[in-house]
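Dear colleague,

I am passing on the structure we spoke about, and I would be glad if you could look through it before reading my notes underneath.

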Amino acid sequence: MTKPTLLATVEEWLFRHRLGFLVLFLVLTAVLFGFATQTKVDARFEKQLPQQHEYIETFRKYQDEFGGANRVIVALVVKEGDVFTADYFNKLEALTDEVYAMHGVRQESVTSLFTPNVRFTEVVEDGFSGGNVVPADFETTPEGLARVRENALKSNYMGRLVTDSFNGAMVMANLFEIDPDTKEPLDTFAVASELEALRGKYEDDKTGVHIIGFSKVMGDVRSGALNAITFFCITIVITALLVWLYSQSFLFSVLPMSCSLAAVVWQLGTLHLMGYGIDPMSILVPFLVFAIGVSHGVQMVRVFRNQLFEGVDAVEAARSAFRELLVPGGVALLTDTIGFITILLIPVPTIRELAIAASVGVAAIIVTNLILLPLMLSYLKPRAGYRERVARRKEKTVVFWHRVALVTRPRLAKGLVIVGTILFVLGFDQAARVEVGDLHQGVPELRPESRYNRDTAVITENFNLGVDVLVAFTETVKDGSVDYEVMELLDRFEWHLKNVEGVKSVLGLAGMARKINSGYSEGSLKWQVLPFNKAMLAQSVGRVETSTGLTNLDGSVLPVMVFLEDHKAETLRQVVAAVKAFDTEHGREKIRFRLAGGNAGVMAASNEVVREAQFPILIYVFAAVILLCYASFRSVRIVICIVLPLALVSVLAHTLMLWMDIGLKTSTLPVVALGVGEGVDYGIYLFSCFLAQRKKGLAFTKAMDAAMTQAGSAIVFTGLTLSVGVGTWAFSALQIQVDMGILLMFMFLMNMVCAIVLLPAIARLLFRSE
Amino acid sequence: MAKGEQPNPAKPVDGPAVMARLAKRSVFNDIHGQAASAIAVGERGHILLSVDHGNTWTQQPAPTRRTLNAVHWVDSRIVWSVGHQSVVLRSQDGGKTWNKISVLDDPETAFLDVLFVGSKKGFIVGSYGKLFSTSDSGEKWSEVAQDDDPHFYQIASAGDGVLWLIGEFGTVWRSKDLGQAWEPLDALYEGTFFGALPLAKRGAVVFGLRGNILRSEDGAVWQKIETRTNALLHGGTTLRDGRMVLTAGAGELLLSENSGQSFSVVPLPDKAAKPISLWEAGDGGLLVTTDRGIIRLQPFDLAKGTEQ
């Protein structure tokens, strides 16, 4: 037996130099705190892209050439009546001027009824004629307003700059990627707050201001993410209360909490040193690390104080707590880590960062709560009367745990296992129906009822504008855009996509060229066709600028923008399938149709990645749990006892997703792995206690009863602490945090309940012979 | 394939029209009816058939996906349709199935209208002065060469052998002998005319670009009719009660109750739909083809909501 010797050696060495180690840990914590404070919120879009996915490779290939413009839209919508009032037009003009003057705005891109680039054309006998929609001599008289109305109707901007029903108009502007003053990437957060200021200025009881754009999303996501600090404080307070309730001592509460906070500091500091920032998804990790830390710290406090009560001195009590918990605690934390590492399977950088952050955090807990904490405890002398207080409490809880331990009565155990099995079967049926992808309208990061998503809804309802866009890239030969064969096929491709269920509209070069050809034919709709004559085709295509994003300079890449009704997985799958089917049937060397750009294109890729990873990730995390449990206990029966409740809970978590309309996506896929990885802790602690009792020679029922009495309260406490840690996110402004918080809370609570009810019941059936 | 060697290397491509979910919401360039039936033809070879006065429509398979510009019923079985890239289709079963008829093989010619006077005599007109005629129900078509080459947008029959041929550059031609000889009329406008509604006594109301409507009782003296619209006027029809209806801009029709001496604006239920062609159904409903499908107006719809 070398293991106890090794452990003893380590223990001896640590405790002999306990002051030195304490100082070392303190210094380390201080240094890492310095780094941790430099952590930046890093919510780059780039990080959400699945790596090496076919669609994303295509997306990247054309990102620079057709790099979706970073556009913001400010819509001014009247609450009743129409826009043709002096008040409205004065506001719209002032708003246009303000957007024009905003920092980071490409001034030439600003487009509204008031900008000179917004013209109408009409067909006259000898060609085209036109003017500004709002003429230079515009006055807000009834005549002036009537003229604007007529001009707008003749322009191409109906439904785009002004709504079809004339209840609103918008100002559009593109932003610089690189700030022309600082030469640094544009501060999108500053832009977002300037936009918010515009809302304050122009919104009143007659008109609503609705703002959308990538920069606004980033701003809203960041301010939502910054709220995490508030949630963290709330979590600390509630956790402190729980720890105090459990430990009945101020010092015994402060120490495990400080050590857990130290783990968070170590995690953040280390991540900063590794070059990672924190993004809205991995912001949950510090909460998790804190909660896991506290639960392990409390176990340490429990063993320490039991030793104290048995009359040994603080140092000896701390040493035996260390001795008793380093291995099971270490194994439990190692299992957590492995659970987290399986998340690395999902090739999406944000998710991988989450996995890395969680692994680093859990590794930090091993040091702070399994080593640092006992060292600190060894200096502690509990006050008089503490022992009695704990004993009094214990009497109460012991009664409760004796009752709970009744689940190991054979008949009740059987009943519970049957109930568990039924739940599993029912849940499995539901779980299989969980949909992949985001199931709601608007930006998935933000809550459906968030201001941004309500703005999006107002704008998409009133304007012919879709926010869910998938871009299919037509790859053809140079000058393909003036080749009838290519364009005719492109035209059919556009029509093919338009007919797909869930597609709102399609914008492509062929459709544009058809419209322009009709314009060249005096506006006759009978000429809304692609001219066969090459010169005429070139004339029509030539009027489409590369800035539309519908062609590149040499006409060899012709993107088709597909605006969708929503970004539900089913919608995306249909469009993706339609593109693939068309390419298979009609694609040839000269013309290929490739996926995908646009936010919906990225989502389609993410969905495919999630769909592919959903089963492997479960298989790996369970394989890891099974192997580690087997390695620690060398008993197939114990492995079964620990794993079955976990399997039930993960199935029920999927059921909850179905009921709560939460889709399986990159933010929710890791949750089950996190939950399973963490849930195994309970089983490991319970069986450690159980086996220790068995070693003393107790029979099954007695041993389980004793194990429950010892570890039960700690398990309940842990489950509650963890649930509180993640439960606060249910109030987050960010939908991803809400989803993850609710699911994790559910898993933590259910894991706890199953550990104290189902697990002993299964054990009873498996250890029947005894 | 085209007969001569063309510098244009592109080959005309064609195939059956796609039966599409949104076919009914696409552009329909022309509509014509026969008893309770009506057929509308439009972009991508879309052909819609209704057998209930235009209340419900079904897409019919077509052997072309070229845009069709005109449709004409000869009798209850024979229907002709013509379109871009010189495509000509004929149905012999009331519009249910269609076959391609070879008249001209030139991808650069667009046929814009087709007309039969009786069952034997027929005409097809198109871009760049193309005029074809048949005297044997369309078995043989022969080109009638023209000196000028405007796009002919419409050929209309006024009965008694009188035909009107309408097109670009102010083209208003009249024939009194079923197209043997054409007499160019000066309708006081040099822009494009898209159609004519014949009047009694060999006069007509002709209409075209920018809201231009000209009217003549006899073809000699023309009078410009002022209306509120300056939209392109694609098409028109004379109702059985003598009222005239023209298509106007998006969401608007023009209605005349005095043989075209004045018109008032009638709104369409869909404000953004651009009307293209009109047909009065057998039950008095008005069928309006637009760039986004077909609208059916009940007979009384035309009376209400007019504005000057």
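What follows covers a helix pair, the contact between the chains, and the nonpolar cores.

Please keep in mind throughout that this is a predicted model.

In chain A, the axes of helix H14 (residues 410-431) and helix H21 (residues 636-659) come within 8 Å and cross at roughly 45°, which means that H14(A) is oblique to H21(A). The crossing of these two helices, H14(A) and H21(A), is left-handed. On the H14(A) side the residues that meet H21(A) include Gly420(A), Phe424(A), Gly427(A) and Phe428(A), and among their counterparts in H21(A) are Leu648(A), Leu652(A) and Thr655(A). Sorted by class, this contact has eight nonpolar and five polar residues, with no charged residues.

Turning to the two chains, 21 residues of chain A are in contact with 31 residues of chain B. On the chain A side, strand S2 (119-124) and helix H16 (484-498) are the elements that give two or more residues, and H16(A) gives the most, with five. By class, that side of chain A has nine charged, seven nonpolar and five polar residues.

As for the interior, the largest nonpolar core has 250 residues, and Val74(A), Val562(A), Val575(A) and Leu686(A) have the most contacts inside it. Helix H24 (residues 735-766) of chain A gives the most to this core, with 19 residues. If neighbours within four places in sequence are left aside, the contacts of Val562(A) include Val469(A), Leu497(A), Val506(A) and Val575(A). A second, separate core of 83 residues includes Ile155(B), Trp164(B), Trp222(B) and Leu246(B).

With best regards

Key:
Residues are numbered from 1 along each chain as its sequence is written. Chains are lettered from A and ligands numbered from 1 in the order in which they are written. This is a predicted model: local features need pLDDT of at least 70, side-chain atom pairs count only at pLDDT 80 or more; totals for chains, interfaces and linings use all residues. Axes are lines fitted to C-alpha atoms, for helices over the stretch in contact, and angles run from 0 to 180 degrees between N-to-C directions. Helices (H or I, at least four residues) and strands (E, at least two) are DSSP runs, numbered from the N terminus. Angles under 35 degrees count as roughly parallel, over 145 as roughly antiparallel, 65 to 115 as roughly perpendicular and the rest as oblique. A crossing is left-handed if the near helix is turned anticlockwise from the far one by less than a right angle, and right-handed if clockwise. Two residues are in contact if their C-beta atoms, placed from the backbone, lie within 7 Å. Ala, Val, Leu, Ile, Met, Phe, Trp, Tyr, Cys and Pro count as nonpolar, Asp, Glu, Lys and Arg as charged, and the others, Gly among them, as polar. A nonpolar core is a set of buried Ala, Val, Leu, Ile, Met, Phe, Trp, Tyr and Cys residues joined through C-beta atoms within 7 Å. A residue is buried if 20 or more other C-beta atoms lie within 10 Å of its own, exposed if 12 or fewer, and partly exposed in between; C-beta atoms are placed from the backbone.
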